[in-house]
Amino acid sequence: MVAAALPVLSPRALADGVVDYTLTAAPLRFSPVGGLEFAGLAFNGTIPGPVLRVRHGQRLRAKFVNTSGEPATIHWHGMVLPNKMDGVEGVTQAAVPTRQSFLYEFTPDPPGTRWYHDHISDGFARGLFGLIVVEDPKDEPADAEFALVFHDVPKLSTMQSAMMGTSVAPMIDPIGSPEMTEMKPDDKMGDEVSYVAHCISGRSYPDTQRLAVKVGQRVRLRILNANPTQTRYVRLAGHRLTVTHNDGNRLPRPIEVDALRIGVGERYDAWFEVTQPGAWLLQGLSSDPLIYQQAAIVSTPGMENVSPVSNPQTLEGVDFFTYQKAGGTGGHELPAPTHSYDFKIGGGEWGSNKWTLNGKTYPNTQKIYVNRNDVVEVRFKNTTDMDHPMHLHGHVFDLVEVDGDRLTYPLPKDTTLVHAYAGTITWRFRADSPAGRWLLHCHNEVHMMDGMMTEVVYRS
């Protein structure tokens with residue numbers, strides 16, 4: 001399947017208390033476009049892996065069989081779960097050697113659009129990732145629903161040079177994006193990665209699967225950005241999108257936008273109404289000449305041969321999603337937390353292989369120590385010229401401040417972009433997850449492997 005249309009769970013599946021899956025990692029010669037062969041790794045023979053579905057409250061048993069030829073794990077991104085099931089080599093479990101298996105077993109929580117991926121070396125960048133939907137019985141039903149994974153095929157040699165801070169790959173963000181408008185003339189990027197193909201759930205346009213809809217339907221899109229390093233902008237021509245969830249968590253209030261801005265690892269649930277017959281492109285927006293590949297046609301019956309309406313590859317004049325729009329600004333000061341931590345994001349100079357938190361790289365970074373039920377505030381200030389998608393394992397935090405704006409409605413998330421050039425982000429969370437060591441890191445793979453990582457550690 002390319003754009004996975006999500007069917008309704010069968011009565012039998014709804015009644016079962018346990019859902020069993022087997023995920024087998026193996027090499028795959030991946031060819032999303034003609035003439036391209038990528039030495040990928042895949043779960044169950046597809047990039048991305050299969051869309052997993054469980055009902056909230058059901059138990060998941062996922063047998064991981066590793067035949068990839070290298071050690072691997074599965075991290076269940078966005079889940080609050082037993083620490084030993086979190087899938088982090090050397091922190092929560094030993095790596096699963098090739099030709100061996102490991103059983104992940106837990107009750108997925110909270111409900112919503114989550115995902116899973118390898119957490120060792122380049123496994124994620126080579127294709128070991130997929131979407132998991134934890135059905136929320138409180139959600140209103142959609143007339144049609146699609147799971148869409150936006151991902152890209154990296155030129156692996158540029159990942160190596162990016163980790164050394166010597167990559168000459170250009171920025172490819174769309175015209176009018178913050179990444180482009182905030183860039184200074186003397187910026188010299190060394191951590192960019194080149195991508196040789198752009199995909200939606202395993203294929204590139206015009207071979208992406210058509211999303212078949214009907215007039216009168218309300219359609220739900222579950223969208224994941226699984227690019228290893230880059231923010232993605234997504235727009236559906238001819239439609240506004242109503243965003244109801246971020247990172248799988250219900251927003252305090254829905255927000256209507258023209259386009260989504262999705263950091264690495266973020267997910268958004270967006271709805272639209274089909275009010276007339278037609279064909280439209282759902283597109284990734286970028287200045288990369290190959291970006292036309294990251295598109296899929298949405299069409300009504302009888303419009304299969306009509307040229308689809310498209311979008312210009314720019315954000316100029318486009319009303320795109322921001323945290324401030326979703327949460328509103330002007331919120332009140334919050335009561336004092338039990339603990340507060342400040343992290344200055346740094347490093348990444350030309351020729352450097354270090355991205356730092358308070359000047360240090362993992363495992364020498366400052367740890368966040370908590371006792372159960374502590375209220376913890378974490379503040380980031382970004383002194384670099386790159387945005388950073390910061391992710392916390394095993395928790396859902398409230399995003400309470402962005403670039404000096406206190407949000408009126410805190411946003412429940414597990415990953416947030418910290419803007420370049422002195423951007424700030426503040427999180428708050430209650431330390432009520434299972435005890436253990438939980439990673440906190442930048443989800444840009446280059447930055448994480450170059451040291452931008454720490455841990456939240458429960459004292460008991």
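This passage walks through the sheets, the nonpolar cores and a few individual residues of the structure. The model is a predicted one.

A good place to begin is the sheet built from six strands, which is open and runs in the order β22-β21-β24-β29-β26-β27, with mixed pairing. Its edges are formed by β22 (355-357) and β27 (405-413), each of which pairs on one side only. From one strand to the next, the twist averages 20°. Within this sheet, β21 (residues 339-347) and β24 (residues 375-382) pair in the parallel sense, and seven bridges link them. One of the residue pairs to look for here is Phe343 with its bridge partner in β24, Phe380.

A further open sheet has four strands, in the order β3-β2-β5-β7, and here too the pairing is mixed. Because β3 (38-43) and β7 (100-106) stand at the edges with a single partner strand each, one side of each has no neighbour in the sheet. The twist in this sheet averages 15° from one strand to the next. Strand β5 (residues 59-66) pairs with β7 in the antiparallel sense over seven bridges. Asn66 has Gln100 as its bridge partner in β7. As general background, the strands of a sheet pair through backbone hydrogen bonds, in either a parallel or an antiparallel sense.

Attention now turns to the interior. In soluble globular proteins, nonpolar side chains tend to be buried together. The largest nonpolar core of this model holds 86 residues, and the members that touch the most others are Trp76, Leu260, Phe380, Met390 and Trp427. Strand β10 (residues 144-154) gives the most to this core, contributing four residues. A second core, separate from it, has 17 residues, including Leu36, Phe124, Phe129 and Ala147.

Two of the well-connected core residues are worth following back to their strands. Phe380, already met as the bridge partner of Phe343, is in contact with Phe343, Ile345, Met390, Val418, Gly423, Thr424, Ile425, Trp427 and Leu440, leaving aside neighbours within four places in sequence. Leu260, for its part, sits in strand β17 (residues 259-262), which is covered on both faces. On one side of β17 are Ala259 and Arg261, on the other Leu260 and Ile262, and all of these are buried. Strand β14 (residues 232-236) pairs with β17 in the antiparallel sense over four bridges. In that pairing, Val234 has Leu260 as its bridge partner in β17.

Ser204 offers a closer look at a single residue. This serine lies in the loop between β11 (195-200) and β12 (211-212). Is Ser204 buried or exposed? With a relative accessible area of 1%, Ser204 falls under the 20% cut-off and therefore counts as buried. The side chain of Ser204 reaches the backbone oxygen of His198 at 2.7 Å. Not counting residues up to four places away in sequence, Ser204 touches Pro32, Val33, Ala197, His198, Cys199 and Gln293.

Cys199, one of the residues touched by Ser204, leads on to the cysteines. Cys199 has 0% relative accessibility and so counts as buried. Cys442 is likewise buried, with a relative accessible area of 0%. How many disulfides does the model contain? The count comes to zero, where a pair of cysteine sulfur atoms within 2.5 Å would be needed.

Methods
Residues numbered from 1 in each chain as written. Predicted model: local features only at pLDDT ≥ 70, side-chain atom pairs only at ≥ 80, totals over all residues. Heavy atoms only, no water. Helix = DSSP H or I, 4+ residues; strand = E, 2+ residues; numbered from the N terminus. Buried < 20%, exposed > 50% of the residue type's maximum accessible area, 1.4 Å probe, protein only. Polar contact = N/O pair within 3.5 Å; in protein donor to acceptor, adjacent residues only side chain to side chain. Contact = heavy atoms within 4.5 Å. Pairing = 2+ DSSP bridges. Axes fitted to C-alpha atoms, helices over the stretch in contact; angles between N-to-C directions. Core = buried A, V, L, I, M, F, W, Y, C linked by side-chain atoms within 4.5 Å.
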